[in-house]
Amino acid sequence: MQRHTLSVLVQDVPGVLTRVAGLFARRAFNIESLTVGPSEVEGLSRMTVVVEAHADALEQVTKQLNKLVNVIKIVELIPEQSSQRDHILVKVRSDASTRASVVQAVELFRANVVDVSTDAVTVEATGSAQKLEALLEVLEPFGIRELVRSGTIAVARGGKSMTDRALTK
C-alpha cells in the first residue's frame with residue numbers, strides 16, 4: 001500500500017462530491033484526506049483526494065472516475081513534483097505562566113497565533129503533514145483543547161495548470 005494524492009478537476013454542480021466519494025467508498029478505499037474548492041475557472045472545482053492504495057487498485061478507481069460525467073481531468077500528484085500542504089488551527093491551554101513558551105514553540109514552526117484568551121492560545125499553521133505532526137507533539141504537553149485540520153491541498157510544480165491541460169484537448 002502506498003499513499004497517493006489525486007487532483008480531480010470537476011464541474012461545480014450539486015452531487016459531484018457525493019458521486020466521487022461514493023466511488024471510493026464502494027471500492028472500500030479509506031479516504032485519508034479530501035478537500036474541495038473552486039478553481040481558477042468559473043464553473044469548475046478542484047478536489048484533492050489522498051488515499052492509501054495499491055497502484056493497480058488505484059488505477060481501476062481512476063478509470064471509473066474518468067467515466068463520471070462531471071469529472072473533467074484526474075492527475076496523480078507525485079510528492080517530488082508537486083507542492084503539498086495541510087492547514088491546522090489548534091487551541092492550546094495557556095495561562096500567563098506558559099504563554100511565552102507556547103508562543104516560542106509556535107515561532108519555531110513559523111506558525112501564527114491567531115487568538116489569545118486568558119486560558120488558551122489559538123495557533124494557525126501550514127505545511128507538510130510531518131511538520132504539523134511535529135508541531136502538535138511540541139504543543140501536546142501544554143494541553144490541546146481543540147484541533148481542526150484541513151485535508152491536503154496540492155498543485156503540480158511548473159507553469160502549466162491542470163485546467164490548461166484539461167481545456168486544451
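1. Thr122 is buried, with a relative accessible area of 14%. Burial here means under 20% relative accessible area, so 14% puts Thr122 in that class. This is a predicted model. Thr122 sits in strand β7, which covers residues 120-127.

2. What does Thr122 touch, leaving aside its neighbours within four places in sequence? Its contacts are Val90, Lys91, Asn112, Val113, Val114 and Asp115. One of these, Lys91, returns below as a salt-bridge partner of Glu146.

3. How many salt bridges does a search of the whole structure find? The search gives six. Three of them are taken up in the points that follow, beginning with the pair Arg149 and Asp86.

4. Arg149 and Asp86 join through their side chains in a salt bridge, at 3.8 Å from N to O. Arg149 belongs to strand β8 (residues 144-149) and Asp86 to strand β5 (residues 82-93), so this pair ties together parts that are 63 residues apart in sequence. Is each partner buried or partly exposed? Asp86 counts as buried, at 9% relative accessibility. Arg149 is partly exposed, with a relative accessible area of 30%.

5. Arg149 also meets Glu133 in a salt bridge between side chains, with 2.5 Å from N to O. Glu133 lies in helix α4 (residues 129-139) and Arg149 in strand β8, so the pair ties together parts that are 16 residues apart in sequence. Glu133 counts as partly exposed, at 38% relative accessibility.

6. Which residues are linked in a network of salt bridges? They are Asp86, Glu133 and Arg149. Arg149 takes part in the bridge to Asp86 and in the bridge to Glu133.

7. Glu146 and Lys91 form a salt bridge, with their closest N and O atoms 3.3 Å apart. Glu146 is in strand β8 and Lys91 in strand β5, so the pair ties together parts that are 55 residues apart in sequence. Glu146 is partly exposed, with a relative accessible area of 43%. Lys91 also counts as partly exposed, at 30% relative accessibility.

8. Next, the interior space. The structure holds one cavity of 30 Å³ or more. The largest cavity has a volume of about 50 Å³. Which residues line the largest cavity? The lining consists of Arg46, Val75, Leu77, Val155, Ala156, Lys160, Ser161, Met162 and Arg165.

9. Which elements each supply at least two residues of that lining? They are β4 (71-77), β9 (153-156) and α5 (162-167). The lining also includes Arg46, Lys160 and Ser161.

10. On the surface, Leu17, Leu34 and Val36 make a nonpolar patch of about 210 Å². Leu17 lies in helix α1, residues 16-26. Leu17 is partly exposed, with a relative accessible area of 38%. Patch residues must have over 30% relative accessible area, so Leu17 at 38% passes that cut-off.

11. To recap: Thr122 is buried in the model. Asp86, Glu133 and Arg149 share a network of salt bridges. Glu146 pairs with Lys91, and Lys91 is also in contact with Thr122. The largest cavity measures about 50 Å³ by volume, and the nonpolar patch is about 210 Å².

Methods:
Residues numbered from 1 in each chain as written. Predicted model: local features only at pLDDT ≥ 70, side-chain atom pairs only at ≥ 80, totals over all residues. Heavy atoms only, no water. Patch = residues over 30% accessible without salt bridge, like charges linked within 9 Å, V, L, I, M, F, W, Y side chains within 5 Å. Areas by Shrake-Rupley, 256 points an atom, 1.4 Å probe, with all protein chains shown as cover. Salt bridge = Lys/Arg side-chain N within 4 Å of Asp/Glu carboxyl O. Helix = DSSP H or I, 4+ residues; strand = E, 2+ residues; numbered from the N terminus. Buried < 20%, exposed > 50% of the residue type's maximum accessible area, 1.4 Å probe, protein only. Contact = heavy atoms within 4.5 Å. 1 Å grid on protein atoms, 1.4 Å probe; cavity = no way out; pocket = protein on both sides within 12 Å on 5 of 7 lines; lining within 4 Å. Points joined across faces, edges and corners; volume = space filled by probe spheres on them.
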